[in-house]
Amino acid sequence: MNDMWQPVSGTRFYSRNGEGLYERLTDKLFLRVDEVDETDAREVCTRFADAFEARTPVKLVA
């Protein structure tokens, strides 16, 4: 899914797909600054876990 980052007029913040309030830290990194619910928190944790797993596969050692 491609996220659409739209500036919130009159502020330095952005919204992702018309939802949430984010501050741009770099070209590809945004920090959510409004309240998050449990679904949002799980999504972030799942994305980090998936990214970490893809970069560092688990090796089983006997």
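Okay, let's start with one pair: Glu 23 stands opposite Leu 31 in β4. Keep in mind that this is a predicted model. The strand partnering β4 here is β3, residues 19–24; three bridges join the two, and they run antiparallel.

Zooming out, what order do the strands take in the sheet? It's an open sheet of four, going β1-β2-β3-β4, with antiparallel pairing. On the edges you've got β1 (5–7) and β4 (30–32), each pairing on one side only. Ignoring direction, neighbouring strands are turned by 45° against each other on average.

Now, salt bridges. A search of the whole structure turns up five. The one I'd like to show you is between the side chains of Glu 43 and Arg 16, at 3.4 Å, N to O. Glu 43 sits in helix α1 (residues 38–55) and Arg 16 in strand β2 (residues 13–16), so this pair ties together parts that are 27 residues apart in sequence. Buried or exposed, what about Arg 16? Arg 16 counts as buried, since its relative accessibility is 18% and the cut-off for buried is under 20%. Glu 43, at 27%, counts as partly exposed.

Next, Arg 42 and Glu 38, whose side chains meet in a salt bridge at 2.9 Å, N to O. Both lie in helix α1, four residues apart, about one turn of the helix, and both are exposed. There's also a network: salt bridges with shared partners join Arg 16, Glu 43 and Arg 47.

Last one: Arg 32 bridges to Asp 34, with the closest N and O atoms 2.5 Å apart. Arg 32 is partly exposed at 26% relative accessible area, and Asp 34 is partly exposed at 28%.

Conventions. Residues are numbered from 1 along each chain as its sequence is written. This is a predicted model: local features need pLDDT of at least 70, side-chain atom pairs count only at pLDDT 80 or more; totals for chains, interfaces and linings use all residues. Side-chain values use heavy atoms; hydrogens and water are left out. Two strands pair if DSSP finds at least two bridges between them. Axes are lines fitted to C-alpha atoms, for helices over the stretch in contact, and angles run from 0 to 180 degrees between N-to-C directions. A salt bridge is a side-chain nitrogen of Lys or Arg within 4 Å of a carboxyl oxygen of Asp or Glu. Buried means under 20% relative accessible area, exposed over 50%, partly exposed in between (1.4 Å probe, protein chains only).
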